[in-house]
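Please walk through the structure below with the backbone in view. The text starts at one turn of the chain and then widens to the whole assembly.

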2 protein chains.
Amino acid sequence: MTPGEERLRDTGENRLLARFRELASAGLTPGVVLGSGDDAAILRAPENRLLLLTCDMMAEGVHFRLDWATPWQIGWKAMAQNLSDIAAMGGEPGYAVASVSLPGSAGAEVAEQLAAGLIAAAGEYGTALVGGDVVGSIGPLVVDVSVLGWVEAELALRRSGARPGDALLVTGSLGASAAGLKLLERGGRRRDDPVAQQVLAAHFTPRPRLGEARAIAATRLATAMMDLSDGLAEDLPRLCLESGVGARLWAARVPIPPACAGLAEELGEDPLALAVSGGEDYELLFTCPPEAVEEIRNTVKKARGTPVHVIGEITDERGIIMAGADGQELPLGRGFDHFRVG
Amino acid sequence: MTPGEERLRDTGENRLLARFRELASAGLTPGVVLGSGDDAAILRAPENRLLLLTCDMMAEGVHFRLDWATPWQIGWKAMAQNLSDIAAMGGEPGYAVASVSLPGSAGAEVAEQLAAGLIAAAGEYGTALVGGDVVGSIGPLVVDVSVLGWVEAELALRRSGARPGDALLVTGSLGASAAGLKLLERGGRRRDDPVAQQVLAAHFTPRPRLGEARAIAATRLATAMMDLSDGLAEDLPRLCLESGVGARLWAARVPIPPACAGLAEELGEDPLALAVSGGEDYELLFTCPPEAVEEIRNTVKKARGTPVHVIGEITDERGIIMAGADGQELPLGRGFDHFRVG
């Protein structure tokens, strides 16, 4: 037993859970009848809604490295990616539970900071952390979050509604998170450099597009939606498969933030590849009839100030084609499959 | 990279998730508007209920060993312990999501068998597995399950309602799961021996007391309830702490199955210690006024055939006392704190 293990073993599951409960209780919302500390949380949901339930797991060495990310950032991201899944359905998140598998060598402060990150991201989006589990482990740090949300039946957006002729749109911009990852891998800029800060923030503390998603859903004009967690190259085929359609992506229209483009070139990376295959941007990918584009764009801009870009169109041929500026077809590459990483 | 890793990497997250979805779709209930495969599941809950949400994680080397338990058993137990948490609130489970962190060395069949175990336990108790995540990992197998359930507001049972003078009761019997674990550690019986089968089944495939819990809740006579996951010695203090009370436990009344008592003596273990400190029995621990004991006992017996035993009483002194047959005070020992195992 190492001294580090000794520390965690002394702290014990009970004390960590008590601290977790104390931290979480600060963010409780009126719908929480009973939060952490019993066998299950007791919760109210708004009436006349369908419920949404999702989970996403992050593992050390695959999704994050403890020498790059702080425990707080890991907590934030684990929560944010789940909130993004609720956004992708056009819904609102309400409650979250989180389980953490903590290596014996980690100090109790790792668990505390991680919980603080989970709670900060949840609180930022009106979500209460209402329960959790902390287990000691012989292996790396693993965090799993589940979020319960809801959506009006008539506003729910699935991946399966895209139709040939629909426009393909994306919120915000793509590639900054992947540029942040490349910067971590390669080095080359000081952490306090403004460009570095921008791409590292995109990578470590992504902001789920919940307001944008609600604005899009409220127009009732979108036909399909999902969030971009694994990159366009991986996620767009999923949307097309569910909808039984294909897509033509216009490379020149993929929105890449200037800072990211500049940094990519500095690092010898193709900015388009980062934007298309990088993943972890947590932007919304959605479809709508071409005549609805302006109304959706204006609604999102007005609600949240976030730009929406048309990046392609849905086709009736199976398969995804990426077209370059002069019409030539480009390879789409592949997205972020975690089994191929780490 | 080992050949095993190669196998899993080739299988990939997408294929595993597709298979997971295929397996889960067989168990879908009418309330599932949209199951696995989108960003979140879309679900209906019965009207006029409070929602229940819980999560529980199991990690290889701490909660299970792959040379002792099959992946199917691990899946069953991971689901069962979450269903038991819903039972502990007096509620009904409806939906589950599960995340699995799978070592690269594991074959895809491990994930499939684990999913089958999760789905079998869920299905046995009317619960639909509606989503999940599978991630590759550099570390041991980790499974996290979250269950969403519901309960009528007037039937919900918390840990905090026990009052001095209440009787302390437990469903079924205690110690078989711990005896199973001891048998695995020490050996000494053939796996097909009837006693071995009984205690190993208790250890590997616990059955959450959902029907019993509903019957107890429906009487509206119980004042507090929880499930026994970490053993009386660890869990009873939690109930007492939440209720602001103490308890006197009568050692001679703790129900120990004869097979377990015999096996414990064979292994040189104290059967009472296994029953009090062993953990993982997933029986219900609850309290009620003394005059309500008979009605609750009869209701549970009639509904499920399960015996209910009075094992002590709630006191107004802080602290737990275990009284021997001749009135002497016995040490309570301590329950199963996962940080002290493995």
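Gly244(B) takes a positive phi of about 65°, just after α7(B). This is a predicted model, and the angle is computed from it. The helix that comes before, α7 of chain B, covers residues 232-243, which makes 12 residues. From its first C-alpha to its last, α7(B) reaches 16 Å, close to the 16 Å expected at 1.5 Å a residue.

Much of the description of this helix concerns its buried side. Leu232(B), Ala233(B), Glu234(B), Asp235(B) and Leu236(B) are buried, and further along so are Leu239(B), Cys240(B) and Ser243(B). These buried residues pack against strands β8 (224-227), β9 (246-250), β10 (284-288) and β12 (319-323) of chain B, and also against helix α9 (271-277).

Elsewhere in chain B, Arg65(B) sits in the loop between β3 (50-59) and α2 (71-88). Arg65(B) counts as partly exposed because 14 other C-beta atoms lie within 10 Å, a number between the limits of 12 or fewer for exposed and 20 or more for buried. Arg65(B) is 161 residues from Met226(B) in sequence, and their C-alpha atoms are 27 Å apart in space.

Now take both chains together. Chain A superposes on chain B by a rotation of 180° with 0.0 Å of shift along its axis, at an RMSD of 0.0 Å. This is therefore the relation of a two-fold axis. The C-alpha of chain A nearest that axis belongs to Gly139(A), 2.5 Å away. Both copies use the same surface, since 100% of the contact residues of chain A recur in chain B.

Terms used:
Residues are numbered from 1 along each chain as its sequence is written. Chains are lettered from A and ligands numbered from 1 in the order in which they are written. This is a predicted model: local features need pLDDT of at least 70, side-chain atom pairs count only at pLDDT 80 or more; totals for chains, interfaces and linings use all residues. Helices (H or I, at least four residues) and strands (E, at least two) are DSSP runs, numbered from the N terminus. The expected span of a helix is 1.5 Å times one less than its number of residues. Two residues are in contact if their C-beta atoms, placed from the backbone, lie within 7 Å. Copies are superposed by least squares on the C-alpha atoms of residues with pLDDT of at least 70 in both.
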